[in-house]
Every structure is written in structure tokens, then in C-alpha cells.
Amino acid sequence: MKQQKKGLNTICTHFGQLEDKEFKGAISPLYMGTAYAFEDIDVKRYPRYFNTPNQVALAKKIAALEHAEAALIFGSGMAAISTSLLAFLKAGDHIVIQKIIYGGTYNLIVEEFEKFGISYSFTDGFKAEDFEAKIKENTKVIYIETPSNPLLNITDLKAVADLSKKHGLISMIDNTFASPVNQNPVDFGIDVVIHSATKYMGGHSDICAGAVASTEANIKKIFSLAKNFGGSLSDYTVWLLERSIKTMGIRVRAQNANAQKMAEYLYGHKDISAVYYPGLPSHPDHNIAKKQMKGFGGMLSFELNADFNASQFQKSLKLIKPAMSLAGVESTVLSPTLTSHSLLSAEERKRQGIADGLIRFSVGIEETEDLIADLEQALEIVRKESKLAV
Ligand code: PLP
């Protein structure tokens, strides 16, 4: 009988799970072993070979979630990113990558790639034409991040995948902001899908992990580097991540719904001058987002009125926490100017569209009325202060 394709929450809950043959427990047993008897000459189980029972089980779940043939789990998102990039790039090669990208990825490229003899070109924009314009004879990889951080720009996945195929390049995406719940880039022809599993996959702000999903052949190529670089994840955390992913579908869908409500509440608010959320029809890339995303995600950004103090706004929040990371069940905010983008010059921030009053909002699963009440009371404080300062 042909196996029926399972739905998202069924994959999240069951797929790849290890059977507890001895005690018939409902969850995967945890195998912490670092030494295993040889099963045969080809299978040598060892954590840094990415092939312990729990790693293999979770990789199957993540591959299924990303509609990919295979996956690997890493000790962090950056371990997944660096290993995947270097698996497809060697001395003399070139990569095209968007300039507005996760800061760690940007640093990896500008601080490390020269040492490996790999050159790079950044695109200012997010469109396929922007990437095509930077392709050189020695380009091997196109790397995108959509939705982007912090302004939630959207890149057309199919256009980038087609472009990569046309030029014989590997297309890679950091799919962290969307999560596999909202976006499956493989369906549009993207070759390699990477996650900081620290974010929506973990979802509770207590796991640091990474993952990459692709074809069997690509994963084999990434693995051959991964075992040498050694960025595997401890089996205990693998097991914890498997547990977290069981609820990823319901968490992320709740976050999508909350973020949409927050974006609608903030849009047109007298204290807010702009809202960036792909789920708003006013977002310039709303139509592309609608085409390629199943949900618009839990991340949005908004700009406080120019005379409002962003630092005071964050400090005035009672329920929503100012925090560097994102995607947990608890709502958090961050001022890019004061944190992630503080090292850029004011001019460069302006060029990138990052206003001093910009607030990045990772929307959690709390009740929306409680989130709105918290934002309202904080806005009232900064509104009063701005009037006093006049
Ligand atoms: N990609 C994105 C979009 C991120 O936000 C982050 C971390 O914030 C990373 C990658 C890096 O992941 P990790 O911190 O798990 O190494």
C-alpha cells in the first residue's frame, strides 16, 4: 500500500521517532553512548559522525519537515551555516550573498573567508536581479535569508532557484525566520536549507542547535566536512530538540496569528510611524510572501515616532522582554540600533533603512490582549516623556 503523505503536526509529533522496544514508552529513548559495537564495517556510530540513534532519528524528522531527502543536526546555527558554506566553496571560488543578513553569517564571511581564499559579493537588494548582477565566472553559491532581519524583506525563492540552476550554482537559504512551518524552500527548487534550531525549532529559549536539509548527495558532501569540523550536538540536546519540535506546528501557527494581530494593531497607531510585516497588504513584498509562505511568521518590526526614546520604550515593557534572541514562546523585543546593528555607522544604518526608533518584535504565544496592553502602557510612558522633552 502506498504510504499517505502526513500532515505537519503528525510529522512534528511522530516522524523519525525511535521505538522504545523494551518498555514501550511513548517517546524516543535517549542514547547518550559515545561508544558503540561495530554493526558492520561501514557503520561506526559516534556523536561526531552525526550518526547516533537520536541524531539519525531527529535528522529524519527535520528532513521530512523541509520536504528534503536528508538532514544533519549541528551544535549551533552557525556550525550548520559555516560547515554548509565551506562544503560547497573552495579557494578561488566566489559567493553572492545579501548584505542584510544575520550578523554572525556576515562576520563569518568578512572575517574568515579571505583566509580560505574565497571571495564574496554582497547585494544591496533582495531581488533575483540583484543576485544575478553579482554573479562572476567563479561564483559557486547564492545565499539568501528570507524573511530578512530586521525589516522582513522577502526574496522570491523560485526566482533565485531558477537563477541558480541557469548558472549552475548551489542555492542556499537561512530559513530560520520562517521555520519549516511557514516556508519549505525545497518546494521552490532551493538546494540547501539551513536553520538556527535555537529559534523556532527549539522554541523555548533553552536550546542552541542548528540543522541543514538537502538531497542525500548534498548532505553527504556537508557531512564529509562536518565530521572534520566537529560541530555536532550533544545527544541530550538532540533529544530535547526532538521533544520541542513535537509542538513546533502549534507554537508557530499561534505565533503567526498573534504577529498578524500585533501588526494590524500597530499599523496606523498614532505612536508608530511604520510597521514591517509580510502579512500586511501594505508590505511591499506581500504578494511574493503570499505565494511562497504558508504563514507570515512570528517576527515583525515597527518604528516608534521619531521623538520617542527606543531604550525607554523597551525598559517600560512589563510582560515583553528585551532580549537578543528570538522565536521563543515568550514575546521579546530588540532595538537593532542599540544591539545587533550598533557597530554600523549611523549613515550605514540609515542606508539600510534602520531607524533609531526601530523595534524588532518576536511575537510569542501569550494572549494578544495582554501583549497589546503591555505595548500601550509602554507607549504611553514614552509619549508623555517625549512631550516633556519638547
Ligand atoms: N540565522 C539567523 C537568522 C539567526 O537569527 C541566528 C541567530 O540569531 C543564526 C542564524 C545563528 O544561529 P545560532 O545562534 O544558533 O548559531
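1. For the helix packing discussed first, axes are lines fitted to C-alpha atoms over the stretch in contact, and angles run from 0 to 180 degrees between N-to-C directions. The structure under review is a predicted model. In it, helix α10 (residues 248-266) packs against helix α14 (residues 368-389) at an angle of about 35°, and the two axes are 10 Å apart. The crossing of α10 past α14 is right-handed.

2. Which residues make the contact between these helices? On the α10 side they are Asn 258, Lys 261, Met 262, Tyr 265 and Leu 266, and on the α14 side Thr 368, Leu 371, Ile 372, Leu 375, Glu 376 and Leu 379. Sorted by class, the contact of α10 with α14 comprises seven nonpolar, two polar and two charged residues.

3. Helix α10 also belongs to a second arrangement, since α10 lies across strands β8, β9 (299-304) and β12 (358-362). The helix runs at about 15° to β9. These strands are part of an open sheet of five strands with mixed pairing, in the order β8-β9-β12-β11-β10. Strands β8 (272-276) and β10 (321-322) stand at the edges; each has a single partner strand, so one side of each lacks a neighbour in the sheet.

4. At the β10 edge, the pairing with strand β11 (residues 332-334) is parallel and consists of two bridges. Within this pair, Lys 321 stands opposite Thr 332 of β11.

5. Strand β2 (residues 94-98) deserves separate comment. Is β2 mostly covered or mostly uncovered? The strand is mostly covered, with five of its five residues buried. In a regular strand the side chains alternate between the two faces of the sheet. For β2, the residues on one side are His 94, Val 96 and Gln 98, those on the other are Ile 95 and Ile 97, and both faces are covered.

6. Strand β2 has pairing partners in β3 and β4. Five bridges join β2 to strand β3 (residues 119-123), and the two strands run parallel. Val 96 faces Ser 121 in β3. Between these strands the chain passes through helix α4 (residues 103-112), forming a β-α-β crossover that is right-handed. The pairing of β2 with strand β4 (residues 139-145) is likewise in the parallel sense, over four bridges. Here Val 96 has Ile 142 of β4 as its bridge partner.

7. The loop between β4 and α6 (157-167) should be inspected for its backbone geometry. Most residues other than glycine have a negative phi, and most peptide bonds are trans. Pro 147 sits in this loop, and the peptide bond joining Thr 146 to Pro 147 is cis, with omega about -5°. Pro 150 is found in the loop between β4 and α6 as well; the bond from Asn 149 to Pro 150 is cis, with omega near 5°.

8. Leu 152, also in the loop between β4 and α6, has a positive phi near 55° although it is not a glycine. Is Leu 152 buried or exposed? Leu 152 has a relative accessible area of 2% and is therefore buried, the cut-off for that class being under 20%.

9. A positive phi of about 55° is found at His 67, again a residue that is not a glycine. His 67 is located in the loop between α2 (53-65) and β1 (70-74). With a relative accessible area of 33%, His 67 is partly exposed, because that class lies between the buried limit of 20% and the exposed limit of 50%.

Key. Residues numbered from 1 in each chain as written. Predicted model: local features only at pLDDT ≥ 70, side-chain atom pairs only at ≥ 80, totals over all residues. Heavy atoms only, no water. Buried < 20%, exposed > 50% of the residue type's maximum accessible area, 1.4 Å probe, protein only. Pairing = 2+ DSSP bridges. Right-handed = clockwise from strand over helix to strand, strands pointing away. Left-handed = near helix turned anticlockwise from the far one by under 90°. Contact = heavy atoms within 4.5 Å. Nonpolar A, V, L, I, M, F, W, Y, C, P; charged D, E, K, R; others polar.
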